[in-house]
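Please open the model in your viewer and keep the sequence panel beside it, since each stop on this tour begins with a selection.

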Amino acid sequence: MKTLPLLFAALASLALTEGVMVCYYGSWAVYRQGDGKFDVEDIDPAICTHLIFGFAGLGSDNKIKVLDPWNELCDNYGKCAFDRFTALKKKNTNLVTLLAVGGWNEGSAKYSSMASSAATRKIFADSCVEMLKEHDFDGLDLDWEYPTQRGGAPEDKANFVLLLEDLKEAMHANGMMLSAAVSAGKATIDEAYDIPGVAANLDLMNLMSYDLHGAWDPYTHHQSGLYAHPDDTGDNVYLNQDFAINYWIDGGMPADKIAQGVPLYGRCWTLTSADDTGYYATATQPGIAGPYTRSPGFLGYNEICEAITTRGWTVVNDPAMHEPYVYSITDNRIWCSYDDEASVTTKALYAKDHGLAGMMVWSVETDDFLGKCGREFNLIKTMVETFTGTDITPPPTQSTTTRDPSETTPSPITKPPTPPPEGVCSKPGINADPDDCHHYWLCAQNVNGGYDATEEPCADGTLFNPESFICDWDYVVCALPNTCVNDCP
């Protein structure tokens with residue numbers, strides 16, 4: 001593990017000279033099929049300065065919690081993804097690996113409760129340090145979506161800062177860094193964040209400047225527009241990256257602590273009419289699910305670029321915006337706003353010109369990682385090269401003093417099995433409940449050849465998507481055929 005002075009000297013140097021490239025990894029991509037499957041070893045550790053593993057969660061005991069033990073731990077014949085993830089530092093000695101806790105699926109209410117007292121905040125912070133040390137992470141990324149929202153309390157705005165203070169103290173005392181993923185929506189920023197307090201306690205802020213529009217809107221728009229569309233009115237004038245970045249800076253967040261978020265995916269609609277294919281076209285249903293991500297209203301960049309090249313989808317670069325959209329009348333009237341090489345270049349130049357720390361992407365596994373449309377990981381590499389002004393080069397090799405992986409890999413734990421309910425587990429890992437989409441089951445093989453099962457609820461407003469293996473928007477899951485028939489209107 002890097003010492004605190006070296007870690008933050010490296011972070012400061014990157015922010016001022018080279019720039020950060022923060023890459024989130026959605027670990028459930030390991031369950032995708034075919035060319036969409038993406039495991040830890042598919043990550044290129046040379047192209048990111050910071051890798052963030054998503055996600056850990058929060059338990060009822062106010063301690064950080066492993067959400068998929070079979071995939072993430074070594075216990076009970078698990079796949080050791082945490083340890084394999086941090087072992088990527090052997091291929092790039094400058095790489096910083098973080099563990100994200102939270103995410104949309106986790107909801108907000110339990111984080112609100114945990115942050116409400118000094119005692120429970122300390123329990124959480126101490127448990128985070130323990131888990132990070134056990135798996136050789138370099139720090140924590142807090143992804144509470146969002147304070148005061150989704151079942152939170154008005155007190156969250158102040159308590160979020162208190163939580164960051166406690167986490168910062170715990171992280172820095174152990175040579176680790178603290179980052180957070182935060183909203184780019186003005187309405188959420190106003191309610192959720194004391195910006196000066198947040199700024200004082202974060203080493204890096206990952207601005208989620210995407211999902212600004214999506215199939216929850218009854219019309220098409222760009223989910224990550226750099227600037228407003230000329231036809232935007234009302235609150236829509238705030239839903240663009242330029243506004244969000246300047247709003248955070250004007251509120252007190254130093255520019256050189258902000259990593260500008262760029263999506264490596266598109267938000268998609270089904271057009272109501274084949275005659276209206278531009279911005280603000282009527283579209284009241286999500287677009288069809290993709291072959292890899294399996295989530296209506298969402299397509300990875302890899303899925304979009306493949307459809308352009310193999311299925312003839314039409315790409316439009318509207319002069320009113322800096323980003324493309326794509327549509328196909330013959331292919332289920334799909335319409336998607338997304339980012340391509342040209343638009344991520346524009347955004348990286350914007351970040352550089354505005355003195356930001358660098359770029360952030362959600363998420364690495366939906367870039368064109370197989371290189372079907374060009375070079376592998378082209379969008380990430382383009383942002384790095386644009387921001388730094390240099391071509392991607394191989395990373396330095398690990399020194400000979402690196403610890404042997406056996407020193408950091410936990411030994412398997414032998415424990416008596418807890419019989420799961422009948423028929424719950426058909427395989428290790430995440431299992432859907434065919435009769436109830438409000439939850440799912442985590443199944444781990446035990447030493448007796450059976451399974452231990454843990455029930456995991458989905459947050460309010462979400463249902464388990466058996467195609468993409470995540471808790472997804474309820475309207476998205478209900479758009480899937482023959483899915484959650486008892487849980488949908």
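A residue is called buried when its relative accessible area is under 20%, exposed when that value is over 50%, and partly exposed in between. Please bear in mind throughout that this is a predicted model.

**The whole chain**

Begin with the entire protein in cartoon view, where there are 13 helices and 20 strands to find. Of the 489 residues in the protein, 58% are buried. If you turn on contacts and consider those between residues at least 6 apart in sequence, 71% of them join residues at least 24 apart. The structure also holds 17 salt bridges, a few of which are stops below.

**Asp211 and its partner**

Select Asp211, which you will find in the loop between β7 (204-208) and α9 (241-251). Is this residue buried, partly exposed or exposed? Its relative accessibility is 30%, and Asp211 therefore counts as partly exposed. Now add Arg267 to the selection and display both side chains: the two form a salt bridge in which the closest N and O atoms are 2.8 Å apart. Because Asp211 sits in the loop between β7 and α9 while Arg267 belongs to strand β9 (residues 265-270), the pair ties together parts that are 56 residues apart in sequence. Arg267, at 9% relative accessibility, counts as buried. Before leaving, check the backbone of Asp211, where phi is positive at about 55 degrees although the residue is not a glycine. Most residues other than glycine have a negative phi, and most peptide bonds are trans.

**Further backbone stops**

Move next to Asn76, in the loop between α2 (69-72) and α3 (81-86), where phi is again a positive value in a residue other than glycine, this time near 50 degrees. Asn76 has a relative accessibility of 7% and so counts as buried.

Then select Glu145 and Tyr146 together and look at the peptide bond between them, which is cis, with omega near -5 degrees. Tyr146 is placed in the loop between β5 (139-143) and α6. A cis peptide bond also joins Trp362 and Ser363, with omega about -5 degrees; Ser363 lies in the loop between β15 (358-362) and α12 (378-388).

**Lys347 and two acidic partners**

Select Lys347 and show its side chain along with those of Glu323 and Asp339. With Glu323, Lys347 meets in a salt bridge of 3.5 Å, N to O. This pair links distant parts of the chain, 24 residues apart, with Glu323 in the loop between β12 (314-316) and β13 (325-328) and Lys347 in helix α11 (residues 341-353). Glu323 has a relative accessible area of 2% and is therefore buried, while for Lys347, also buried, the value is 0%. With Asp339, Lys347 forms a salt bridge whose closest N and O atoms are 2.7 Å apart, and Asp339 is buried, as is Lys347.

For another group of charged side chains, select Asp39, Glu41, Lys79 and Arg84, which are linked in a network of salt bridges.

**Where α5 meets α6**

Hide the side chains and select helix α5 (residues 118-134) and helix α6 (residues 156-173), which pack at an angle of about 40 degrees with their axes 9 Å apart. That angle makes α5 oblique to α6. If you look along the line from one helix to the other, you can follow α5 as it passes α6 in a right-handed crossing. To see what makes the contact, show Arg121, Phe124, Ala125, Cys128, Val129 and Leu132 on α5, and Asn159, Leu162, Leu163, Asp166, Leu167, Ala170 and Met171 on α6. Colouring these residues of the contact by type would give 10 nonpolar, 1 polar and 2 charged.

**Last stop: Gly57**

Finally, select Gly57 in strand β2 (residues 50-58). Gly57 is buried, as its relative accessible area is 0%. Which residues does Gly57 touch, not counting those up to four places away in sequence? They are Lys63, Ile64, Lys65, Leu67, Val101, Glu106 and Tyr111. To end, draw a distance from the C-alpha atom of Gly57 to that of Asp68, 11 residues apart along the chain, and the viewer should show a separation of 9.7 Å.

Definitions and conventions
Residues numbered from 1 in each chain as written. Predicted model: local features only at pLDDT ≥ 70, side-chain atom pairs only at ≥ 80, totals over all residues. Heavy atoms only, no water. Axes fitted to C-alpha atoms, helices over the stretch in contact; angles between N-to-C directions. Helix = DSSP H or I, 4+ residues; strand = E, 2+ residues; numbered from the N terminus. Parallel < 35°, antiparallel > 145°, perpendicular 65-115°, else oblique. Left-handed = near helix turned anticlockwise from the far one by under 90°. Contact = heavy atoms within 4.5 Å. Nonpolar A, V, L, I, M, F, W, Y, C, P; charged D, E, K, R; others polar. Buried < 20%, exposed > 50% of the residue type's maximum accessible area, 1.4 Å probe, protein only. Salt bridge = Lys/Arg side-chain N within 4 Å of Asp/Glu carboxyl O.
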